[in-house]
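Please examine the sequence and the structure shown below before reading the report.

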Amino acid sequence: SLQFGGDVTVVGVNGLTTIGQMGLRWSQGRDIFNATLSRTPDPRSPGAQINECRLQYVRRVTERLSLGSEYKYSHPDRESGLQLAYEYLFRNARVQGLLDTDGKVSCCVQDFTGYGFSGMIDYARGDYKFGVVMHVLPQPEPGQQPM
């Protein structure tokens with residue numbers, strides 16, 4: 001199936017500033033492809049605009065394993081980046097990971113009951129971050145399905 005969409009916002013700042021994006025999504029079987037074009041104001045220089053293109057592809061290898069990639073390019077900065085990701089689903093947990101061309105490697109392990117651990121290493125900057133997450137959900141009312 002093929003889907004298209006977009007939006008535009010016009011703001012009366014620095015004359016007229018436009019913020020917008022348009023995109024498409026194509027999916028067939030186990031393959032999903034997304035493409036978006038966006039135009040946003042550049043926060044570093046008032047009045048300037050940044051145009052960005054993102055291309056994403058996800059392949060569902062099995063019911064539990066998905067592999068994905070994203071390429072992004074921004075103009076006029078001429079910056080680009082590539083990210084590779086994976087997700088593996090267990091019955092009660094999920095493991096997700098990301099590797100990108102900026103030198104970052106990250107992983108997140110999350111239990112569906114609300115506990116999780118994450119870590120990110122930025123080799124280019126020598127930055128290491130680790131975290132713990134715990135979601136606290138109220139008990140369901142009698143007769144209701146748990147969240």
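The report that follows treats the sheet, the loops, the salt bridges, the cysteines and the surface in turn.

This is a predicted model, in which local features need pLDDT of at least 70, side-chain atom pairs count only at pLDDT 80 or more, and totals for chains, interfaces and linings use all residues. Residues are numbered from 1 along each chain as its sequence is written, and side-chain values use heavy atoms, with hydrogens and water left out.

## The sheet

Ten strands form an open sheet in the order β1-β2-β3-β4-β5-β6-β7-β8-β9-β10, with antiparallel pairing. Strands here are DSSP runs (E, at least two residues), numbered from the N terminus, and two strands pair if DSSP finds at least two bridges between them. At the edges are β1 (2–11) and β10, each of which pairs on one side only. From one strand to the next the twist averages 10 degrees; the axes behind this angle are lines fitted to C-alpha atoms, and angles run from 0 to 180 degrees between N-to-C directions. In general, strands of a sheet pair through backbone hydrogen bonds, either parallel or antiparallel.

Two pairings show how neighbouring strands are matched. Strand β2 (residues 17–28) and strand β3 (residues 31–41) are joined in the antiparallel sense by nine bridges. Across this pairing, Leu24 stands opposite Ala35 in β3, and Gln21 stands opposite Ser38 in β3. The hairpin of β2 and β3 has two residues between the strands, and Gly29 takes a positive phi near 60 degrees there. On the pairing of β3 with strand β4 (residues 49–60), which is also antiparallel, there are eleven bridges. Ala35 stands opposite Leu55 in β4.

Thr9 belongs to strand β1. The C-alpha atoms of Thr9 and Lys104 are 95 residues apart along the chain and are separated by 33 Å.

## The loop between β5 and β6

Pro76 lies in the loop between β5 and β6, and the peptide bond that leads to Pro76 from His75 is cis, with omega near 15 degrees. Arg78 is found in the loop between β5 and β6 as well. The phi of Arg78 is near 60 degrees, a positive value in a residue other than glycine. Arg78 is exposed, with a relative accessible area of 63%; on this scale buried means under 20%, exposed over 50%, and partly exposed in between (1.4 Å probe, protein chains only).

## Salt bridges

A salt bridge is counted where a side-chain nitrogen of Lys or Arg lies within 4 Å of a carboxyl oxygen of Asp or Glu. The whole structure holds eight salt bridges. The table gives three of them.

| Pair | Closest N and O atoms |
|---|---|
| Glu52 and Arg54 | 2.9 Å |
| Glu70 and Arg54 | 3.1 Å |
| Arg94 and Glu87 | 3.4 Å |

Glu70 lies in strand β5 and Arg54 in strand β4, so the pair ties together parts that are 16 residues apart in sequence. Glu70 is buried at 11% relative accessible area, whereas Arg54 is partly exposed at 25%. Glu52 is partly exposed at 23%, and Arg94 is partly exposed at 26%. In addition, Asp42, Arg44 and Asp77 are linked in a network of salt bridges.

## Cysteines

How many disulfides are counted? By the rule used, the count is zero. The rule requires a pair of cysteine sulfur atoms within 2.5 Å. The closest cysteine sulfur to that of Cys108 belongs to Cys107 and is 7.1 Å away, too far for a bond. Cys108 is partly exposed, at 23% relative accessible area, and Cys53 is partly exposed at 24%.

## A nonpolar surface patch

Leu55, Tyr71, Tyr73, Leu82, Leu84, Leu99, Val105, Tyr123, Tyr128 and Phe130 form a nonpolar patch on the surface, with about 980 Å² of accessible area together. The elements that give two or more residues to the nonpolar patch are β5 (65–75), β6 (79–89) and β10 (127–134). Patch residues have over 30% relative accessible area and no salt bridge, and nonpolar side chains (Val, Leu, Ile, Met, Phe, Trp, Tyr) are joined within 5 Å. Accessible areas come from the Shrake-Rupley method with a 1.4 Å probe. Val105, one of the patch residues, has its place in strand β8 (residues 104–111) and is partly exposed, with a relative accessible area of 34%.

Terms used:
Patches are made of residues with over 30% relative accessible area and no salt bridge: like charges are joined within 9 Å, nonpolar side chains (Val, Leu, Ile, Met, Phe, Trp, Tyr) within 5 Å. Helices (H or I, at least four residues) and strands (E, at least two) are DSSP runs, numbered from the N terminus.
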